[in-house]
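This report is written for a reader meeting the structure for the first time. Please keep the sequence and the model in view while reading.

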Amino acid sequence: MPLIATTLALVLTLHLLAMNVASGAPLVAIWLTWRAHRRQDHAAGEAARGLVRASLVAVFAGLVLGGILLGLVAVNSPDFFATARRIPASRYWFGVVEVLFYFTCLTVYLRLARRANEVRRRGMLALQIFALLLAGTDLVYHFPPLFAVIGVFGTRH
């Protein structure tokens, strides 16, 4: 079992790192997008787009690592799934919608950012910032509470 516990810790660390990048990078991209617009700083705009693309890769990696993590948890702690079944299935489908919403927000940002190079308008900037804000806070706001509820249910038999 020590190998499973060590592997579990490593995969959890990588999963959390990927999801933190996926959550935090869009928020940093807000500042870079603002700077690109206000100062005509093309490097800041490119850095923002690069961060958003990295966020998309990070969330995908986090999802894959999360799947591996669930498999390791199944081997190490079968009670987790009995507890997780106490949560209505609709809550898990809501999680799928949240991830799709995240991808949609960042895709919208990237399309707007491409057009923003051609047309500089405040409305375009506001939409870009709004898309980044929604994406960056989406993962942080919805997934930790879900796992906290599973944890609480796990302590109440």
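## Gln-40, between two helices

Gln-40 is partly exposed: its relative accessible area is 44%, a value that falls between the limits of 20% for buried and 50% for exposed residues. The model in which this residue is seen is a predicted one. Gln-40 belongs to the loop that lies between α1 (2–39) and α2 (42–76).

The backbone at this position also deserves attention. Most residues other than glycine have a negative phi. Gln-40 is not a glycine, yet its phi is positive, at about 55°.

## Asp-138, within helix α5

Asp-138 is part of helix α5, which covers residues 122–155. Is this residue buried or exposed? Asp-138 has a relative accessibility of 3% and therefore counts as buried, the limit being under 20%.

Which residues are in contact with Asp-138, once its neighbours within four places in sequence are left aside? They are Glu-98, Phe-101 and Tyr-102.

## The protein as a whole

The protein contains 5 helices and 0 strands. Along the sequence, these elements give the pattern α-α-α-α-α.

Of the 157 residues in the protein, 37% are buried. Among contacts with a separation of 6 or more, 78% join residues that are 24 or more positions apart. The accessible surface amounts to about 9500 Å², and carbon and sulfur atoms account for 71% of that surface.

Terms used. Residues numbered from 1 in each chain as written. Predicted model: local features only at pLDDT ≥ 70, side-chain atom pairs only at ≥ 80, totals over all residues. Heavy atoms only, no water. Helix = DSSP H or I, 4+ residues; strand = E, 2+ residues; numbered from the N terminus. Buried < 20%, exposed > 50% of the residue type's maximum accessible area, 1.4 Å probe, protein only. Contact = heavy atoms within 4.5 Å. Areas by Shrake-Rupley, 256 points an atom, 1.4 Å probe, with all protein chains shown as cover.
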